[in-house]
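Work through the exercises below with the sequence and the model open side by side. Each task is followed by a solution that goes step by step.

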Amino acid sequence: MTENLTKKSFLKKVFNFEENKDWKFEGDKPALIDFYADWCGPCKMLAPVLEQLSEEYEGKIDIYKIDTEAEQELAAAFGIRSIPSMLFCPKDAEPQMANGALPKADLERVIAEVLKVTK
């Protein structure tokens with residue numbers, strides 16, 4: 001299951017940007033974070049794909065969703081200008097951003113290359 005994050009849970013589970021200027025990942029496994037909005041068509045198309053991936057990669061990566069309407073401060077902190085936008089957070093490297101509703105095969109490729117996780 002994907003998990004919706006609020007600013008409070010984001011600071012604890014992903015990155016506490018209030019305390020750290022430099023990126024310091026707080027999670028215990030790599031994460032994919034989907035910045036979305038309920039009114040966004042491509043976001044709605046992406047949602048079931050992310051649910052599938054969360055089942056297929058269960059225990060290997062965390063998949064989070066952030067509602068950009070409800071969490072405008074988080075969206076602004078990451079310079080989200082278009083949605084869907086996805087932030088890929090490896091355990092021990094800098095995060096990478098991808099924009100648009102990527103097909104499942106592309107997401108799996110990015111998970112393998114950036115997060116270094118395979119099924």
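**Exercise 1: the buried residues of a helix**

In helix α4, the buried residues are L107, V110 and I111, where buried means under 20% relative accessible area, exposed over 50% and partly exposed in between, with a 1.4 Å probe and protein chains only. The model is a predicted one, in which local features need pLDDT of at least 70 and side-chain atom pairs count only at pLDDT 80 or more, while totals for chains, interfaces and linings use all residues. Residues are numbered from 1 along each chain as its sequence is written, and side-chain values use heavy atoms, with hydrogens and water left out.

Task: state how the buried residues of α4 are arranged around its axis, and which elements they pack against.

Solution. Looking down the axis of α4, one finds its buried residues within an arc of 100°, so they line one face of the helix; the arc is that of the directions from the helix axis to the C-beta atoms. These buried residues pack against β2, α2 and β4, contact being heavy atoms within 4.5 Å. Helices (H or I, at least four residues) and strands (E, at least two) are DSSP runs, numbered from the N terminus.

**Exercise 2: the sheet**

Task: give the strand order, and explain why β1 and β5 each have one side without a neighbour in the sheet.

Solution. The open sheet has five strands in the order β1-β3-β2-β4-β5, with mixed pairing; two strands pair if DSSP finds at least two bridges between them. Because β1 (3-4) and β5 (96-99) stand at the edges with a single partner strand each, one side of each lacks a neighbour in the sheet. Further in, β2 (residues 31-36) and β4 (residues 85-89) run antiparallel and are joined by five bridges, and one of the residues concerned, D34, has M86 in β4 as its bridge partner.

**Exercise 3: a lysine in a helix**

Task: decide whether K7 is buried or exposed, and identify which side chains make polar contacts with that of K7.

Solution. K7 lies in helix α1 (residues 7-13), and its relative accessible area of 18% makes it buried. Its side chain makes a polar contact of 2.5 Å with that of E18 and another of 3.0 Å with that of E73. A polar contact is a pair of N or O atoms within 3.5 Å; within protein, one must be able to donate a hydrogen and the other to accept it, and residues adjacent in sequence count only if both atoms are side-chain atoms.
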